[in-house]
Structure formats: structure tokens, C-alpha cells
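Q: Please walk me through the largest pocket in this model, slowly, and then follow the helices and empty space that come up from there.

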Amino acid sequence: MPQEEHYHETTRFRCLEYLHRQSDSLYLTMCGMEHCTPGKAYGPASRSGYHLHVILTGEGTMEVNGQHMILHSGQLFLEKPGEVTHYYAHRDNPWTYCWVTFSGTKAEYYMRQAGFADGVNVLNSYVDTNEFYDLANQLLTKPELNLANDLRRQGLLYQFISLAVESHNRSSNGHRNAEYSPDSYVDHALDFIRNNYASIKVADISNYIGINRSYFTNIFKQRVGISPREYLISIKLRESAQLLISSDLPVQDISRRVGYDNPLTFSKMFKRAYGVSPKHYRSQPEEERRSLQAPALPQAGR
């Protein structure tokens, strides 16, 4: 088999390292799929191209740009060129995913069209993830590096990325209806906040779903009961409280992970919500922590 050393296969892992480009606008450099063992990790490291994963089953964690995100089946996550990324499988429910790695002059544009704007590395899939799996499987079916397979893989790569763009289009347009309903906007805003809370502002949310900020604030508050800014702060502070309890990370590191570059600002916001400083909160027994004030985070009703 020509250049066989670039194809790897075990019972859990299939990967094609593909170095022969057919186009400068978009070209495949690697593809594969893996059923990860518990805790299986990659990084921290950075890549030179785009590395798009589709989670088929299970759970895992991704750390990038100060964000610490728990991911699950039905989501896409993207490593971008030059970003230091660390991700690892859940120990009790490790994920299975497929991926494509690609570069080219059009790669960044296509990823933005798929919803991966600046600071966005995780999105929900609004198409069946089995469709991504089928394409990845076809990419791996004929690993021989010859012109016929080169052209075939080029087409499959475009199909894989087109599915990601289609998923984003369905998200933006309302997955269940062709109309732009307020509930649909708020649903997608809530998903976007939960996945990207550490790196976004309210303007990023309204830009992501494509509506006027004032209108977005009004429909969000009607549905959720608090403003997008209040909800975003609540998510950040609840995540920071969890990290204070579950990790030994310094307060300044936790501050950055949840999106506060200034630890003093973070401590001030935390104390306003919980009534005590982050250090004091961490030092309290569990029964006393339960009695401390928590930031309001209502369930979004219809």
C-alpha cells in the first residue's frame, strides 16, 4: 500500500495522516476517529491547522483560552491554529469522537461560517452527528494515497465542513421552524452562553444569533426573568464557586478561567453575590457554604 506508514489503526483508534494537498484553498492534513479510554488526554499543545471534532458519545473536558468546559455528545469543538488546547475524556463516561484536520486560505472563513467566531471553540450540533461519522468513516475507508483517493477525500472534507455550516444555519434560523421566534433566539443564546461564558460579552451573544441587542435583551428578560448580563455573570460566578470547591487552583487562576482578567474585580463580584470573598468561601465547611447567598440563576421557562 503506498505510503502506508501514514495510516494507523487499532481497535479504538483510526487515523489517516494525509500530507498531499490538492488545493491551496482547503486541504486535509489528518482525519480519524477514536473511542477514548477513561481520562485519555491531548495537550496542552497547539496545532498549525484547524482541528474539528464531533462528539458522538460520552463526555470530556476542553481547556482553551482560560476556559474550562465540560463537553458531551452532540457537540462540536474546534482547535484553532496557535491556540494552546488541553482536552481529555471523562473517567466514567469517556467520549468517542471523529475529527478532520485541515488548512488553507479558506479554512478560517469556513469555520466562521460554521459559527466559530473569535473566542468560540464549542457549538451544539443541529444535524445528526452520525452524518459526520459516516463521512469520517468514508475518509478512512481507502487510506491509500493516490490521485483518485486524493480527489475523493477532498470532496468528503468539503461535505464534512458543509455539515458544520448547515448546523450553524439551522441554529441561527430556528431548528424547528423556518421562522425566527423569540424562544428560538433565547434557546440558542442560552446554549452559546453556557459553552462560551468565559470569553464573551452581551454584544457577542446578540451578534452570534444575529439580532439587535436591545431586542435581544428584551426577549431574553421576558423569557428568563433577568437580563443577559445578569445571567452571564451568574454563570461565571457559579462556575467559579464550583472550581473553588473542587480544585486547588489559586483564586487569580480561577478568576481568569471564568473570564475576569482582574482578580480584584472578580473578588468584588463574588463577594457581592455570595456575601464572602472567594478565599473565605473556599475555607468554609460544606454546610456553611450552603447557607451563603448564591447568584440568581432562574430556570428559563416558556
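A: The largest pocket holds about 410 Å³ of space. This is a predicted model, where local features need pLDDT of at least 70 and side-chain atom pairs count only at 80 or more, while totals for chains, interfaces and linings use all residues. Residues are numbered from 1 along each chain, and side-chain values use heavy atoms, without hydrogens or water. On a 1 Å grid over the protein atoms alone, a pocket is an open set of points with protein on both sides within 12 Å along at least five of seven lines; a cavity is a set where a 1.4 Å probe fits but cannot get out; lining residues have an atom within 4 Å of a point.

Who lines the pocket? There are 17 residues, and Ile-200, Lys-201, Leu-232, Lys-236 and Gly-259 lie nearest its centre. By type, the lining splits into 8 nonpolar, 3 polar (Gly counts here) and 6 charged (Asp, Glu, Lys, Arg). Helix H7, residues 228-246, gives the most, with 4 residues.

H7 also leads us to another helix: the buried residues of H9 pack against H7, helix H8 (251-257) and helix H10 (278-283), with contact meaning heavy atoms within 4.5 Å. H9 covers residues 263-274, and its 12 residues should span 16 Å at 1.5 Å a residue (times one less than the number of residues); the end C-alpha atoms are 16 Å apart, so that agrees. In H9, Phe-266, Met-269, Phe-270, Ala-273 and Tyr-274 are buried (under 20% relative accessible area, 1.4 Å probe, protein chains only). Why do they share a side? They cover an arc of only 115° around the axis, which puts them on the same side of H9. Turned away from that buried side are Leu-264, Lys-268 and Arg-272, which are exposed (over 50%).

Now for the closed-off space. The count comes to 1 cavity of 30 Å³ or more, and the largest cavity has a volume of about 110 Å³. Its lining has 16 residues, with Leu-123, Asn-124, Tyr-126, Ser-171 and Tyr-208 nearest the centre. H4 brings the largest share of that lining, 5 residues, and the lining divides into 8 nonpolar, 7 polar and 1 charged.

Tyr-208 turns up again in helix H5 (residues 202-209), where the buried residues are Val-202, Ile-205, Ser-206, Tyr-208 and Ile-209. They cover an arc of only 160° around the axis, which puts them on the same side of H5. Right after H5 comes Gly-210, with a positive phi near 80°.

Methods
Grid points are joined across faces, edges and corners, and a volume is the space filled by probe spheres set on the points. Helices (H or I, at least four residues) and strands (E, at least two) are DSSP runs, numbered from the N terminus. The arc is that of the directions from the helix axis to the C-beta atoms.
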